[in-house]
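Subject: The two-chain model, handed over

Hi,

Here is the structure I promised to pass on. Have it open while you read, and my notes on what turned up follow below.

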Amino acid sequence: MDILTLLANGFATAFTPVNLFYCFVGVTVGTFIGVLPGVGAMLGIALLLPVTFYLPPETAIIMLAGIYYGGEYGGAITSILVNVPGSTSSAITTLDGYRMAKQGRAAVALFASAAASFIGGSIGIILMTVFSPAISRFALSLNSADYFAIMVLGLVAGALVARGSLVKGLIAVVIGTLFGMIGTDLSTGVQRYAFGVPELIGGLSVAVVAMALFGLPEIITATAEPKTDLSRFSLRLRDMMPTREDFRRSIVPAGRGSALGSILGILPGTGATIASFLSYTAEKRLSRTPERFGHGAIEGVVGPEAANNAAAQTSFIPTLAIGIPGTPTMALMLGALIIQGIQPGPDMMTLHADLFWALIASFWIGNVMLLILNIPLVGLWAKLANIPYRFLFPSIICLIAVGVYSSTLNTFDVYVVLAIGLFGFGMAITGFEAAPFLMGFILGPMMEENLRRAMQLGRGDPAVFFSRPVSLICLTIVLTALFIPAVRILRRRFARLPGLRNGRPGFR
Amino acid sequence: MSITRTDICVPTRRTDWNNIIASLIVIAISLAFGYMAVGYGIGSTRQMGAGYFPLALSIIGGVLGVLVLIRTIIAPCPEEQPVDLRRILFVCAAFVVFALGIAPMGLFATIIATTVVGSFAHREARLHESVLLGAGLAVAIWLIFVVLLGLPMRVLPGGF
C-alpha cells in the first residue's frame, strides 16, 4: 500500500469520535501545561499516563502526543505576555517576544508564534510521513549490538545537553539505569533489588518515577511567581494581523527554523529546546540587522517557535521507527506504548501500521485544533498563566496522588512517589538533572537485553561492537564526545596553573 | 536545559557541603547496588548473569562519584540554594494525608484534606480558599477517575 492509502486509513481511525475527543483533550491539556510556567510537558504526560491505562493504544498515544506538541504552542504565550518561559523550549522566545509585547505588538507576536508553530509542525509531520517507513526498513537491518550502541549514544547525548556538568549528567544516567534494574530480570527471572517487597517485583512504574521527578522538585523549589497585568495588552483578532514587513521578515526564518528543528528532532539527545536556541542564534547571525534582536525582532519569535515544533514532531521518527527515543519526553512516550503492550521499532510499522498512521493523521488534526485554540482564544490562555502557586501546586499534588493510586489502588505507590520525589529534589538542588535519570530508567532494561544478546552473538568478544558500521560510528561519537571535554579541561588546567589566584575556573 | 547556568564558576575557600554529600550518596548508592549485584550472579561476558549489567553500572557510577567528590574538594564552588523547609514539610504531609486517608475516608474528604495541607506550603494560603479549591478538585477528580474511567475507588467514608 502506498503512503497516501495508509494515511487515508489513518485519518479514518483518527476521525472516530473517541480519538477526536482524546486528541482534543491532549492538545488542550498540552497548551494549558505549556502556558503554566514551571510545569513542563513531561509532568503533563506523566499525569495523564494513568488515565491511558483505560484507553486503547492508539487513543492513548494520540492524547499523550497531543500534550507534547500542544505544549510547544502554549509555552510561547507565557514567554511573550509574561516574560517567563512557559516551557524550556520557549525560553528564547522571551527575548524578542516580550519586547514586541511591550511595544504594543503582543497580538502580532502571538499570531506569528502560532503560525510559525503550525508551519514547523506541518513540515515535521510531512518529514515523518515520508521518512519513517524508509528509516524503519533500515532499522530492520540493525542487530542488538547496533541497538545497544545507539542507546549509549542517546544517553551520553542526553547527559551532554543537560545543564550543569557532564559528569553529573552521566551520574544521573547511571543511577537512573540502576533504578530501572529494580524488579524481575526478564531473561534470568532473578528478582533484583526488590527486598521481597511484592510491590517492587514488577519494578518501579514509569508513571510513578516521572511524576515524582518532574512534579515534586518543581513544587518544592519554584519561586518566581508570574504576575503580569494582562489588561495592558490588546489581544483582539484584528490586532493580530502582521504587517507586510513582518510577513516578509518572517517567511525565511520560519522555513530555516523548521529545517533546523526537523534535523535536531531526529538526532539523539537534541530536542525542541536546543532547536529553539540554535534557531535564534542562527537567525541573529544571518540577519542583516542583528542589532534588532533583543529589541522585538519578529524573526526571533518565528524562527525558534517553528524550530521547536518541527523538532517536537520529528523526534517521533527515531522513537517509533527505530524504537529508540532521543529525548526524555520521547522516552516517556515509549514507556507509555510499552505499557500498552506495543514495542515501538521497525516491527511496529508492520504489526501496528494502523496505529502509526492514525497517530500521523492525529498530528494534522491536533495542529489544526491548536491553531484554532491558540489564535482566537489566546486571551483565555493568558489568564491561566497567572494562576497563583497556592492553587496550582496543591492541585498538582492531588493529581499526582490520585494518578499514582489509581493504577494499583495501593497506597504503597504514593509513598514511593514521595520518596523518589524527595530524591529528585536532592538531585535538583545539587545540579543533577532529572531528564537523563528518566532516560536511563526507561532505556536501562532495553540496553541490558541488547547488550546480553550482542555478547551472546559475539561469543563474549566486545569486538562485535566495532565490526558493524552503525555501532562503530555511534561508539566512536560517544568516545570522542567524552574524551574531548576531558582533554579541554586538562589543557585549561595546565594553561592556567600560574594564575591560581585570578579566578581560575573550576568545574561543577 | 536552560542557558542561565554555566559549567564554570569561580572557586571559593568555603566547603561545598551540598556537593560533598551528594557525591557521597552517589558513591553509597553505587556500592549498595554493586554489592547486591554480585549476589545475583555475574555470569560471564558471553553468558551474562542478572548481576553483570548492574555491577558494571555501579562501577561506572562509583568512579564518577569519586570524580565529583575530588573535584568538589579541590575546587569547591558552593551555590546558594535556599531550601524552603516549610514547603518540603507540607508537601510531604499532603502525600501522607492522602495515603492514610484514601482507604478509610474516601475520595472527597481525602482530596479536600490533601489540598488544604498542600496549600499551606505557601504562606499566602487561606483556609476557606483551600477548602473551596479542594472541593472543586474532588468533584473534578471524581468525574474523571470514577465516573469517566470507572475506577473502583471509595468516594465517601464508609461506603461507595
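One term first: a residue is buried when its relative accessible area is under 20%, exposed when it is over 50%, and partly exposed in between (1.4 Å probe, protein chains only). Now the housekeeping. Residues are numbered from 1 along each chain as its sequence is written, and chains are lettered from A and ligands numbered from 1 in the order in which they are written. This is a predicted model, where local features need pLDDT of at least 70, side-chain atom pairs count only at pLDDT 80 or more, and totals for chains, interfaces and linings use all residues, while side-chain values use heavy atoms, with hydrogens and water left out.

Let's start where the chains meet. Contact here means heavy atoms within 4.5 Å. On that basis, 80 residues of chain A and 71 residues of chain B take part. The buried area is about 7,300 Å², and carbon and sulfur atoms give 74% of it; buried area is the accessible area (1.4 Å probe) that two parts lose on being put together, summed over both.

How many salt bridges does the rule find across the interface of chain A and chain B? There is 1. A salt bridge needs a side-chain nitrogen of Lys or Arg within 4 Å of a carboxyl oxygen of Asp or Glu. The partners are A:R390 and B:E129, with their closest N and O atoms 3.2 Å apart. This pair crosses between chains, from helix α18 of chain A to helix α4 (residues 127-148) of chain B. (Helices are DSSP runs of H or I with at least four residues, strands are runs of E with at least two, and both are numbered from the N terminus.) Both A:R390 and B:E129 are buried.

The interface also has 10 residue pairs in polar contact, both residues at pLDDT 80 or more. A polar contact is a pair of N or O atoms within 3.5 Å; within protein, one must be able to donate a hydrogen and the other to accept it, and residues adjacent in sequence count only if both atoms are side-chain atoms. On the side of chain A that touches chain B, the largest share, 15 residues, comes from helix α18 (residues 389-408). That side of chain A divides into 49 nonpolar, 18 polar and 13 charged residues. For this count, Ala, Val, Leu, Ile, Met, Phe, Trp, Tyr, Cys and Pro are nonpolar, Asp, Glu, Lys and Arg are charged, and the others, Gly among them, are polar.

Next, chain B by itself. Its secondary structure comes to 4 helices and 1 strand, in the order β-α-α-α-α along the sequence. Of its 160 residues, 42% are buried. Chain B averages a pLDDT of 85, and 89% of the residues score at least 70; pLDDT is the predictor's confidence in each residue, from 0 to 100. Be careful with residues 1-7 of chain B, where pLDDT stays under 50. Where pLDDT is low, the predicted coordinates should not be read in detail.

One residue to click on in chain B is B:N19, in helix α1 (residues 17-39). B:N19 is buried, at 7% relative accessible area, and its side chain makes a polar contact of 2.8 Å with that of B:D16. Leaving aside neighbours within four places in sequence, B:N19 is in contact with A:K168, A:T430 and B:T72.

Back to chain A and its salt bridges. The whole structure has 16 of them over all chains. In one of these, A:R452 meets A:D185 at 3.0 Å, N to O. A:R452 lies in helix α20 (residues 434-457) and A:D185 in the loop between β1 (183-184) and β2, so the pair ties together parts that are 267 residues apart in sequence. A:R452 is buried at 5%, and A:D185 is buried at 4%. These two belong to a network of salt bridges that links A:D185, A:R192, A:E448, A:E449, A:R452 and A:R453.

Finally, two backbone oddities. A:Y193 has a phi near 50°, a positive value in a residue other than glycine, and A:L409 has one near 55°. A:Y193 is buried at 3%, whereas A:L409 is partly exposed at 33%.

Enjoy exploring!
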